[in-house]
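Visitor: I would like a close look at one single part of this model. Could you pick a spot, and then work outwards from there to its surroundings?

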Amino acid sequence: MITVKELTKRYARNTAVDHISFEVEKGQIVGFLGPNGAGKTTTMRILTCFLPPTSGSATVAGFDVLEQPLEVKKRIGYLPETPPLYLEMRTDEYLTFVGKLKGLSGSELRQRVDAVCERCAVTDVKKKLLGKLSKGYRQRVGLAQAIIHNPEVLILDEPTAGLDPKQINETRDLIKGLAGDHTIILSTHILPEVEQTCQQVIIIDKGKLVATDSVNNLQSRARGAETVLVEVAGRNGEIDSAAVQRRLEKVTGVSRVVFKEKRQNRNIFEVESQKNLFARGDLARAVVESGWDLNELRATAVSLEKVFLQLTGGQAAAPAEETAANGARE
Amino acid sequence: MKNVMIICRKELRSYFVSPIAYLLLTMFAVIMGFFFWNALGYFVFMGIESQMRGEMFPMNVNEQVIRPLLSNMSVIGLFLIPMITMRLFAEEKRTGTIELLATSPVRDIEIILGKWLAAVVLYGCILLLTALNFIFLFKYGNPDWKPLAIGYLGLLLQAAALLAIGTFISTLTKNQIIAGAATFGVCLLLWVLEWVSGYETATWAQVLSYMSVITHFESFAKGVINTKDTVFYVTLTFLGLFFTARSMESLRWRS
């Protein structure tokens, strides 16, 4: 559906996008991931024909963004980082205006306006001025605007930025609901978002493509080793954390034990073992035979955060902090 | 063409839901009302004077009331232009709605024409309101309507040209105030350029004077459609819109 080949965008002083190539298949949700200033917005703006590329090519639904921009624009719905709203308009007026711009008219236009209001849950603010709407509603009207002409491709630039947790969940559900009929590219620097909503990830950093793969593959790629979370409790009161750690380290196949936290008399450890050795049974036995209680033992999926850090190297420190902050907000 | 009308209607709507349109309409109507009252008062005074002296001056409503009023309108119009055009693109750039327009299946030129047309229509409305003054002249006097109509045509042509320039300037910045101030400066300069012809007759002075928008209005005020002057306004309009189009294109390459 979308093909990008050797795409480059240079500004006077810096290169925002540097020879990026990727493909997106029909009906997929693709997460476009990268720290701030990585070139996500620039790439999206090129795909929506807002900016022309310096070199390379991009085609959407078979049309080149430089050769046939009007055909591309007809097939794309775009939600920029700040929803492009005319604050002096009412919701329905605004959606009608955008619908007309996208080439709808008559009864079809009215139907679409009603349909997208319904879909994006903005029916109750249809007659309100956009300037009076809350941030969450504005974002939803922005999304409604992007899907008004039922485009084949949806491009969403940080659709959940600046929303509260409830709104973030609603927006994510909305986006997931749109998949299937639409091919969706959404950019974000929040990792859990990609894990939750996307099937495929494109990671870019400093304008360069770092990785493009399915979410599952990326997770297992970083997993090389299996990670297990072990919660151990003492039978009567206190427990010697160091002793437990030493005992766990002796289990065959275990390569590393990290003490995570201590809650009263319970200790939580993260145990890494070589893949396919299935050290879990041995771990359980070791704990129980040493006279401790095994409260919990579970394999943890490696978060994309780790993959991200591995792939982007030290540069990812800043966005990782941000991600942590965002995670905390969630 | 359909897209031009969609944009134009949207722009007109935002003029008329905000106080801008009403402010401009009122301001211009009040100022021109005062000018009209003044011109008429002077005309009546001259009439009585000539009777008292027993000499008959040739009195003519067209020459002594309508023509100076049209000239006044063309100058005062210069002050309204920046207030009409300053928000056209600067506002869209500031709020980011330009991204919506630029990623919709419409051509740049359709966006520009729509916005410019809305500005011309608003200016037309402002002019129309002043026409109420002249109705009194037709009620109590017997002026020739043709010079008046031609004068209004000239006003509209002049405004169309200046509005195109203002639209261009509005694409250059995100800040409405800067766009407005720059447009005001250019309008003012295009007015005072003719002053050099008062003391200098060299070629450069003639060129400068020719570039003044006010010089070209004189024939319209007299009630004459001069091809040269019409061509000047139309060329200026095209030039303004052409630069706007180029500026929008460069916006895409730069930003």
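Guide: Happy to! A residue counts as buried if 20 or more other C-beta atoms (placed from the backbone) lie within 10 Å of its own, as exposed if 12 or fewer do, and as partly exposed in between. This is a predicted model, so local features need pLDDT (the predictor's confidence in each residue, from 0 to 100) of at least 70 and side-chain atom pairs count only at pLDDT 80 or more, while totals for chains, interfaces and linings use all residues. Residues are numbered from 1 along each chain as its sequence is written, with chains lettered from A and ligands numbered from 1 in the order in which they are written.

Our spot is A:Gly77. A:Gly77 is classed as buried because 26 other C-beta atoms lie within 10 Å. A:Gly77 belongs to strand E6 of chain A; helices (H or I, at least four residues) and strands (E, at least two) are DSSP runs numbered from the N terminus. Contact here means C-beta atoms within 7 Å. Once neighbours within four places in sequence are set aside, A:Gly77 is in contact with A:Ala146, A:Ile147, A:His149, A:Pro151 and A:Leu154. Take A:Ile147 from that list: 70 residues separate A:Ile147 from A:Gly77 in sequence, yet their C-alpha atoms are 5.7 Å apart.

Now for the strand itself. E6(A) runs parallel to strand E7 (residues 153–157) of chain A, and four bridges join them; two strands pair if DSSP finds at least two bridges between them. Within this pairing, A:Tyr78 faces A:Ile155 in E7(A). Helix H5 (residues 135–147) of chain A lies across both E6 and E7, at about 165 degrees to E6(A). For such angles, axes are lines fitted to C-alpha atoms, for helices over the stretch in contact, and the values run from 0 to 180 degrees between N-to-C directions.

Stepping back a little, we meet the sheet around these strands. It is an open sheet of six strands in chain A, ordered E6-E7-E8-E3-E9-E10, with mixed pairing. E6 (76–79) and E10 (208–214) are its edge strands, each paired on one side only. From one strand to the next, the twist averages 15 degrees. Another helix, H1(A), lies across E3 (29–33), E7, E8 (183–188) and E9 (200–205), at about 150 degrees to E7(A).

H1(A) also leads us to a second sheet. This open sheet of chain A has four strands in the order E2-E1-E4-E5, with antiparallel pairing. Its edges are E2 (15–24) and E5, which pair on one side only. H1(A), residues 40–47, packs on this sheet by touching E1, E2 and E4, and the direction of H1(A) makes about 120 degrees with that of E1(A).

The pairings inside this sheet can be followed residue by residue. E1 (residues 2–10) and E4 (residues 55–60) of chain A are antiparallel over five bridges. Along that pair, A:Ile2 sits opposite A:Val60, and A:Lys5 sits opposite A:Ser57. E4(A) is also joined by two bridges to the antiparallel E5 (residues 63–64), where A:Asp64 is the bridge partner of A:Thr59. E4(A) and E5(A) make a hairpin with two residues between them, and A:Ala61 in the turn has a positive phi of about 50 degrees.

Let us widen the view to the whole chain. Chain A holds 12 helices and 14 strands. Of its 330 residues, 42% count as buried, the class in which we found A:Gly77. Among contacts in chain A with a separation of 6 or more, 68% are between residues 24 or more positions apart.

Finally, there is the partner chain. The contact between the chains takes 21 residues from chain A and 16 from chain B. On the chain B side, H1 (2–17), H5 (98–102) and H11 (227–254) each supply at least two residues. H1(B) gives the largest share, four residues. The buried residues of H1(B) include B:Val4, B:Ile7, B:Cys8 and B:Tyr15. Those buried residues pack against H3 (91–101) of chain A, together with H2 (19–53) and H6 (108–140) of chain B.

As for confidence, chain B has a mean pLDDT of 90, with 99% of its residues at 70 or more. The model as a whole scores ipTM 0.88 and pTM 0.82.

Definitions and conventions: Two residues are in contact if their C-beta atoms, placed from the backbone, lie within 7 Å.
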